[in-house]
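Please consider the following structure with attention to its charged side chains and to one pair of strands. The explanation proceeds from a criterion for burial to individual contacts.

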Amino acid sequence: MAERSEDPPDVESGSLRRTRRVAAPAVIRTDREVISAELALTIFRQMIRTRALEERSIKMSKSGEAYFWIGGPGEEAFNVCLGLQVHKGFGPAFDYLHLHYRNAGIMLAMGMPMLDHVRQLAMRWTDPHSKGRNFVGHYAVKAWNVVPVTSVIEVQFAMAPGTALVQKRHGLKNPAEAEGITVVVGGEAGTAEGDFESCLNWTTRPDRELPVLMMVTNNRFGISTDFQKVSSESRIASRAIPYGIRSETVDGNDPVVIWNALDRAMRYCRRERKPFLLEAMVSRMHGHSSSSGAQRIWDESDPLAGFEQKLLDSGAIDVPVIKAMKEEAKAEADAAVVEAMKEPEPTREDVEKFTYAPSEVDAVYPKDYTGLPGA
């Protein structure tokens with residue numbers, strides 16, 4: 001008979017049940033889906049870090065340390081699992097990422113320091129993504145093929161076929177490097193835009209299919225509109241049917257489920273060089289952005305709490321370790337804010353920097369060009 005644990009519930013979450021002390025498992029399971037316990041703990045730690053960063057970011061927007069917040073609390077499972085599976089690098093042999101502004105967890109899982117996210121949120125000149133001149137979550141990392149994120153809804157779906165076309169051609173010339181795919185992420189409300197339909201169309205032209213993994217994180221709300229009141233379809237994935245695109249709708253709040261769904265979809269795109277549409281049902285725990293107050297919505301399912309309990313019940317982790325992970329992540333986020341707030345802001349004089357590339361007209365209009373770094 002297994003011995004009952006004397007560990008108290010985590011006082012911070014207030015939701016952990018006492019569990020029986022069992023031997024550490026080799027795998028974590030949801031129905032027929034399985035991941036290793038080691039991978040599960042890696043995902044869990046990254047989910048904790050992402051949540052800590054999001055919560056500290058919301059606090060910044062309310063304290064005046066930042067002007068505006070938008071992010072993805074409730075999408076940590078999806079974002080982290082995607083970030084850990086990306087084939088990261090530069091050029092068409094690697095994955096291209098067309099993200100939107102709820103993907104902090106993807107970037108953290110890929111290796112972005114919290115500080116770089118906070119620098120953009122605080123609008124600091126040291127922000128590596130936009131030099132403090134864009135909203136938070138608008139990442140741009142050339143070395144990782146992260147295409148600049150835009151505030152304009154869903155235009156990333158119209159751009160994705162472009163990078164995928166380059167990858168398809170690259171693979172024909174270099175068969176050994178034919179595994180790079182284009183990954184594009186958006187919300188369900190944006191699928192009403194023509195850009196989404198353009199992606200479905202351009203990736204499925206006969207004999208010209210493109211390796212695009214289209215992912216829709218469906219939190220059932222636009223900015224303030226209920227999805228069920230604006231769409232006759234219950235599943236976004238159904239829109240793939242007329243185009244002959246393979247698709248799947250899964251629980252994006254369960255890391256075990258979403259990890260395997262992403263693995264299946266990526267393998268298909270890499271092998272077949274064709275598109276796939278994956279719809280992940282997720283939560284929106286703090287509303288759309290700070291413009292709506294970013295208050296906690298308590299009837300939204302919390303993927304972090306759910307996975308935490310699953311790991312406890314399986315014996316893969318215990319309460320003291322969870323508490324230590326959360327404290328470490330909170331300290332990391334707090335330290336990032338302290339560092340960023342000491343750094344300089346952009347100035348009026350540098351507003352045009354990084355806007356124009358060198359060209360032959362510089363000699364004709366020398367005062368209208370500020371140049372690239374060192375130019």
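A residue counts as buried when its relative accessible area is under 20%, as exposed when that value is over 50%, and as partly exposed in between. The model discussed here is predicted. Under this criterion Glu300, at 13% relative accessibility, is buried, whereas Arg220, with a relative accessible area of 32%, is partly exposed.

These two residues form a salt bridge in which the closest N and O atoms are 2.9 Å apart. The contact links distant parts of the chain, the partners being 80 residues apart. Glu300 belongs to the loop between strand E7 (276–281) and helix H9 (303–314), and Arg220 to the loop between strand E5 (212–218) and helix H7 (227–230).

A second contact connects two helices. The side chains of Arg51 and Glu76 meet in a salt bridge with an N to O distance of 2.6 Å. Because Arg51 lies in helix H1 (residues 37–63) and Glu76 in helix H2 (residues 76–85), this pair ties together parts that are 25 residues apart in sequence. Arg51 has a relative accessibility of 7% and therefore counts as buried. Glu76 is likewise buried, its relative accessible area being 0%. The two residues also belong to a network of salt bridges that links Arg51, Glu76, Arg296 and Asp302.

Which side chains meet in a salt bridge at 3.0 Å, N to O? They are those of Lys330 and Asp334. Both residues lie in helix H10 (residues 319–341), and because they are four residues apart there, about one helical turn separates them. Lys330 is exposed, with a relative accessible area of 51%, while Asp334 is partly exposed at 25%. For the model, the count of salt bridges comes to 18; the three pairs described above are among them.

Attention now turns to the strands. Strand E1 (residues 27–30) and strand E2 (residues 33–36) run antiparallel and are joined by four bridges. Within this pairing, Val27 stands opposite Ser36 in E2. The hairpin that E1 and E2 form has two residues between the strands, and in this hairpin Asp31 takes a positive phi near 55°. As a general point, side chains in a regular strand alternate between the two faces of the sheet.

Conventions. Residues are numbered from 1 along each chain as its sequence is written. This is a predicted model: local features need pLDDT of at least 70, side-chain atom pairs count only at pLDDT 80 or more; totals for chains, interfaces and linings use all residues. Side-chain values use heavy atoms; hydrogens and water are left out. Two strands pair if DSSP finds at least two bridges between them. A salt bridge is a side-chain nitrogen of Lys or Arg within 4 Å of a carboxyl oxygen of Asp or Glu. Buried means under 20% relative accessible area, exposed over 50%, partly exposed in between (1.4 Å probe, protein chains only).
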